[in-house]
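I opened a fresh page for this one and set myself two topics: the ligand site first, then the packing of some helices. Here are my notes, in the order I looked things up.

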Amino acid sequence: PYSTADRCWLRYSHQALRTGMELLSSIVVQHSSAVMDSALQEMVYGIKEMRGAEPDICRDPASASGSFVRLAILDEALPEAWTQAGQIQGLNEEGYGIHAVQQDGAVQLYVVGRTDRGVLYGVFHLLRLLQSGADLAALHVLEQPRNRLRMLNHWDNMDGSIERGYAGNSIFFEEGRFVRDDSRIRDYARMLASIGINSVSINNVNVHRTETLLITPEFLPDVARVADIFRSYGITTYLSINYASPITIGDLNTADPLDDRVRAWWKERASDIYSYIPDFGGFVVKADSEHRPGPFTYNRTHAEGANMLGEALRPYGGVVIWRCFVYNCLQDWRDRKTDRARAAYDHFKPLDGQFLENVILQIKNGPMDFQVREAVSPLLGAMPKTNQMLEFQITQEYTGQQKHLCYLVPQWKEILDFDTYTTGEGATVKRAVSGELYRYAHSGITAVVNVGSDDNWTGHTLAQANLYGYGRLTWNPDLTEEEITSEWIHLTFGASADIHRELGAMLAESWRIYESYTAPLGVGWMVNPGHHYGPNVDGYEYSVWGTYHYADCHGIGVNRTVKDGTGYTAQYFPENADLYESLDACPDELLLFFHHVPYTHVLRSGKTVIQHIYDSHFEGVEKVQELILRWSKLEGQMDHERYTGVMSRLEHQLEHAKEWRDVINTYFYRKSGIPDQQGRTIY
Ligand code: GCW
C-alpha cells in the first residue's frame, strides 16, 4: 500500500526480531474504524516485514486462544492486572497501555487505548519495541502524550515550491493544484502517526493568491481528500489563511475584523469548510507580519483580529492559531533604539486575557528568527490568561539547509528545559506550553517541517533524525537526547555498535559544530540575504530587517540591557533578567546577543572574544573533518545509497565550513587588527 520512497525509521528489518514468533502469528481485533483499521494494517504490515508471513486476524475475541496480540479500546478489553491497578483509566484521550499476560504457557499481549488513536500509538510503540529486540513476555507500558497539540506546519505553495524547503517539492501540491498520486501523503501520515504527531497545516503561512482559494469549494474537495488520509492516522488538518481573503476572493472592500460584513463572510467560509471536513482543525494565521495583511490596517488589535476568526470557527470546535512573529521589517538601520527582539512581547503581552478560548498564540522559540543560537523568547510563559504554543523550525533555514549536518534535538531540549521563572522556580518552557502551568484550554508545540518530495524525504538522510526527534519530544519532552538518538539510530540503521558509536557522536556534536564556524556567541545572522545560505557578515547589517551585529574596529554585539541598551532584558522574569543584564554572568554563548563588547573582552571561558572567534572557527572545520572520518568508518555497514548520499553532503559541508571560517576570521581580523595568538592563516 505504500510508496517506494525511503521508509525512514519504519523499516522493520527481519534481523531485529528476536522474540515472539508465535505471539505474532495472530492478531485479535474486534471493532473497525478508519483509525483502528490503520492500527491493524500497521501491525499486520510490520509483522509481515519482520517475520516474513502475515498474521491471522481474529475478529471474535471469545474464540481467541493461545498466543496473540490483541488491539482494543478500553471498553472492549482490560487485562485483570490493569483493572486491579486501575492505572489505565487515568490516561488521557490519546493514552494507551501495552500489557503482557501469561496464560497456560502462551503469551497474550494487549494493546489498549482510551480511543482508537491510543491504540494506533500503542501499535507503533509495540513495533518500535519489536525492532529493538525487546522481551515482550513481561511487558507493561503506560503512555500518554504530554502535549495536546503536536503539530507540523508546512510552508508549501500550490505551485509545488516550498518556502525554506530543502528536500525537493511539495508532497501535496504541484502546478497550482493538489497532487494526483496520494501515496506519498499516505506514507507521510503513517510516519507522523508513528511519532505521535496529531495536527498538520498543509500550506504556507504566506498565503498567496491561489492558496487563498483553499477555503473555497474550488479546492475544499481536495483538502477533504487529504484530511481523510490524515484522519485515518489520527491527524487533524489545518489551513493557513490570508487575512485579506474577504477582499482578495470575496467582494468586500475591507477585511476589518469589526465590520459585520467581514464577520459574516468568515462565518460563511467556516460553514463551507465544515460541510466538507467536519473535523477541520482550524486556521493558522500570519497577520501584520512581513508585509502580510492583518488587523493593524484597520487600527484593530491582534486580539480583535484573531477573535473574529475564533468566533467563526467556534461553533464547529475549530481553533485559530495566531502567530506572534510580528515586528517592524522596515527598520532603519541607523535607528539604534528599535530592537526586533522586543517585538513579539511588546505586541502581545499587553493583550493577555483578551483572546477567545479557541485562539492560541504561536510563538517562535526565540525572539529573532530560528538562529543557530538565540535567547529563549520571553513571551513564552508570560501570558497566564492566553493559550500559547511553541514554534520550532525543523527545516534548516539558518542551520545549514540540510546540506550541513545539524541535529536539533539538543537545541530543542535546551529550550524546553529553559526556566522562565514565571510562576517561580521550575516554570520551564515545556511546562508552560503543555498547559501544566496555567491550564490552557489549548496548547502544545508546532514546527516548520523539513520534508519534501525527495526520495529520502529530508534531503540529508540524517536530517530524518530531526523530524523523528521532534515528534518524540513533543510526545514526551522529558525523553533524553540520548534516548531519542539511540532509538532513531536503531530503527533507521539497526543495532550495529559501530553505527551507534560513530553516528551517535556525530549527531550529538553536530549543532555545536555548526554553531562554532558560523555567527559567533549568539549574535546570529551573517548570512547571505534572501536565501540565507552561506557567510556574509554584513549581509543584513545595513538592511531593513532589524538584524544587526554592530561590529566596528573596537568591538561587536547588540546591547540589549536596561542600563544603556534597548531594554530587552527587562522582558524576562528577574532571575533571567539579572543573568542576561550582567556582563559577567551572561552565558558566553549568548554574550553578543545581549551585550556590545570590545574584542578584547574576556569571556567566562578565559578567552578574549576575538581569540574565541578564531579558535572556534578553526576548530569547527577540524570537527567537520572528524565527522567525515567517523562516517567513513561505517562504509559497508549500510546500503550504498545512504552511505554515499551522506558522505557527499559531509564533503560539501567541509568545503562550506572552510568558507565560513575564512570569511568570518578574515572579517574580524581586518576590523580589529588583532592577530591570532596561534598565527594560523587568516587572509
Ligand atoms: O524565517 C522567516 C523566513 C520566512 C518565513 C518567516 C515566517 C514563511 O525567512 O521565509 O515566512 O520567517 O516565519 O513567517
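**Entry 1: the ligand's surroundings.** A reminder to myself before I start: this is a predicted model. I asked which residues surround the ligand, and found 14 of them. The closest are Glu-163, Lys-286, Arg-323, Asp-369 and Glu-397. I then sorted the shell by residue class: eight of its residues are charged, three are polar and three are nonpolar.

**Entry 2: polar contacts.** Next I looked up distances from side chains to oxygen atoms of the ligand. For Lys-286, I noted a polar side-chain atom 2.6 Å from a ligand oxygen. For Arg-323, an N or O atom of the side chain is 2.6 Å from an oxygen atom of the ligand. Asn-206 joins the list too, with a polar side-chain atom 3.2 Å from a ligand oxygen. How much of the ligand's accessible area does the protein cover? On its own the ligand has 340 Å² of accessible area, and the protein covers 97% of that.

**Entry 3: α15 and α18.** On to the helices. Two packed helices are described by the angle between their axes and the distance between those axes, so I wrote down both for each pair. Helix α15 spans residues 497–517 and helix α18 spans residues 609–632. They pack at about 160 degrees, with axes 9 Å apart. The cut-off for roughly antiparallel is over 145 degrees, and α15 and α18 are therefore roughly antiparallel to each other. I logged their crossing as left-handed.

**Entry 4: α13 with α14.** Helix α13 covers residues 464–475, and helix α14 covers residues 481–493. Their packing angle is about 125 degrees and their axes are 10 Å apart. That makes α13 oblique to α14. I have this crossing down as right-handed.

**Entry 5: α13 again, now with α11.** Is α11 roughly parallel or roughly antiparallel to α13? Helix α11 (residues 409–416) packs with α13 at an angle of about 25 degrees, the axes being 10 Å apart. With that angle, α11 is roughly parallel to α13. The crossing of α11 and α13 is right-handed.

Conventions:
Residues numbered from 1 in each chain as written. Predicted model: local features only at pLDDT ≥ 70, side-chain atom pairs only at ≥ 80, totals over all residues. Heavy atoms only, no water. Near = heavy atom within 4 Å. Polar contact = N/O pair within 3.5 Å; in protein donor to acceptor, adjacent residues only side chain to side chain. Areas by Shrake-Rupley, 256 points an atom, 1.4 Å probe, with all protein chains shown as cover. Nonpolar A, V, L, I, M, F, W, Y, C, P; charged D, E, K, R; others polar. Axes fitted to C-alpha atoms, helices over the stretch in contact; angles between N-to-C directions. Helix = DSSP H or I, 4+ residues; strand = E, 2+ residues; numbered from the N terminus. Parallel < 35°, antiparallel > 145°, perpendicular 65-115°, else oblique. Left-handed = near helix turned anticlockwise from the far one by under 90°.
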